[in-house]
Amino acid sequence: MSRLTKKRKEDIGLSPYALVFRGQKKADKTTMQLIDCNLEFVHEKELKSLEKIDTYITDDTITWINVNGLDDVSLMKKIAETFRIDNNIMSDIMNPSVRPKVQEFDNGLFITLKMLQTNGRRKELTVESLSLIITDNVLISFQEEEGDVFEPIRERIRKQKNINKIRNSGTDYLAFALLDVVVDNYIYYVDLLGEKIENLEENMAGDLNKDLPNQINIYKQELNFMRRYIKPAKEMVLALSKLDSEFIQDKNKVNYKELQDNINEASELSDSYREMLYDLLNIYHTSVTTRLNDIMRVLTIISVLFIPLTFIVGVYGTNFENFPEIRWKYGYFIMWSVMIIVTGFMLWYFRRKKWF
């Protein structure tokens, strides 16, 4: 199954405001987890519905609702109604193939990008759509399936009572923390691949392996897979860092500038390793060509050495009855001496010309 998000034929022509799931179902069922916290307490639970959500949405707490699964249309409509999310925004949330973007609407700020993580079963790098809705005191995150990279953030929320920045800095800071983890994972996975690429470069100093081009192509495919999502995310983070929104506090804008530095690092790392792979491939082809030229040079020298020798033995191998030197007592030895002298002279000449 392809890891890249694809547009389905049945989605072509749908209204951009239609609340229809436009991707491939990954979660068995849609679930919701809630974390409600302030400096004094942290409350976690799984939400079965949104009926009593108002009891958690207060001015003195930060509420994080994490939704796993995007295909439950009725629940998505309920979320849109409860938090007054525009239909075009919710439609983008339910479309995993949508490009990373940031968009402000009347009641909040919408951010979407791709999250990279390792598939636990196959140890394969996978991509998942992540969308965030930032309101004054509620952050809603939408994922395609259970399992994410946000456990360190949850642990930070649970610990460090009374000095916890996440609990005390608003939903915009919590959104920054989630985005920062996503970007850090970009850097982490690029670094992991980079180590393999650098090891490949070191191994090229020895004997060239005929499987080397295949290995380079595998690494190129993996790097291009990551770059496909890092580059658009970079554009989104740049737009986000320049955005003047009421849903991002002035004190937290510096964090989004830092996020821009991190995504630039991920992008520059991917560019560097991409160039390194192209260089490795060029070096490999150059080395193979050089080795082939060395072999051809040796074979050419051997061929040239045998040209005069072939001429000599060809002359003395003729079958004329009246042959001047045929009755010489030492003719055979003289012929060998001439051949050795000619060969030695040619070798000396080639060496002098630095042909080998």
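These are my notebook entries on the fold, the cores and a few single residues of this protein.

**Overall form.** I am working from a predicted model. I counted the secondary structure first and found eight helices and seven strands. I then looked at the radius of gyration, which is 35 Å; the globule rule gives 21 Å for 356 residues, so I noted the protein as more spread out than a compact globule. The C-alpha trace spans about 125 × 50 × 35 Å along the principal axes.

**Surface and burial.** I looked up burial for the 356 residues, and 44% of them count as buried. The accessible surface is about 20,400 Å², and carbon and sulfur atoms hold 52% of that area. For charge, I have 48 positive and 52 negative side chains, with 7 Å between the centres of the two sets.

**Contact range.** I took the contacts between residues at least 6 apart in sequence; 68% of them join residues at least 24 apart.

**Largest nonpolar core.** This core has 63 residues, and Trp64, Leu116, Phe150, Ile153, Tyr186, Met226 and Tyr256 have the most contacts inside it. I checked which elements supply at least two residues each: strands 1 (31–37), 3 (62–68), 5 (108–118) and 6 (125–134), together with helices 3 (151–158), 5 (171–203), 6 (212–242) and 7 (253–316). Helix 5 gives the largest share, 17 residues.

**Trp64.** I listed its contacts, leaving out neighbours within four places in sequence. Tryptophan 64 is in contact with Gln33, Leu34 and Ile35, with Leu139 and Ser141, with Phe150, Ile153, Arg154 and Ile157, and with Leu174 and Leu178.

**Another core.** Apart from the largest core I found one of 27 residues, including Leu47, Leu75, Phe83 and Ile93.

**Ile85.** I placed isoleucine 85 in the loop between helix 1 (73–82) and helix 2 (87–93). Is this residue buried or exposed? Isoleucine 85 has a relative accessible area of 5%, which is under 20%, so I entered it as buried. Beyond four places in sequence, isoleucine 85 touches Ile79, Ala80, Met90, Phe105, Ile133 and Ile140. I also looked up its separation from leucine 109: 24 residues in sequence and 9.6 Å from C-alpha to C-alpha.

**Thr30.** Threonine 30 sits in the segment before strand 1. Its relative accessibility is 17%, and I recorded threonine 30 as buried because the cut-off is 20%. Setting aside neighbours within four places in sequence, I found threonine 30 in contact with Val67, Asn68, Gly69, Leu70, Asp71, Asp72 and Leu75. Leu75 is also among the residues of the core of 27.

Note on methods
Residues are numbered from 1 along each chain as its sequence is written. This is a predicted model: local features need pLDDT of at least 70, side-chain atom pairs count only at pLDDT 80 or more; totals for chains, interfaces and linings use all residues. Side-chain values use heavy atoms; hydrogens and water are left out. A nonpolar core is a set of buried Ala, Val, Leu, Ile, Met, Phe, Trp, Tyr and Cys residues joined through side-chain atoms within 4.5 Å. Buried means under 20% relative accessible area, exposed over 50%, partly exposed in between (1.4 Å probe, protein chains only). Helices (H or I, at least four residues) and strands (E, at least two) are DSSP runs, numbered from the N terminus. Contact means heavy atoms within 4.5 Å. The radius of gyration is taken over C-alpha atoms; the globule rule is 2.2 Å times the number of residues to the power 0.38. Accessible areas come from the Shrake-Rupley method with a 1.4 Å probe; for residues, only the protein chains shown count as cover. Lys and Arg count as positive and Asp and Glu as negative; His and the chain ends are not counted. The place of a charge is taken as NZ of Lys, CZ of Arg, CG of Asp or CD of Glu.
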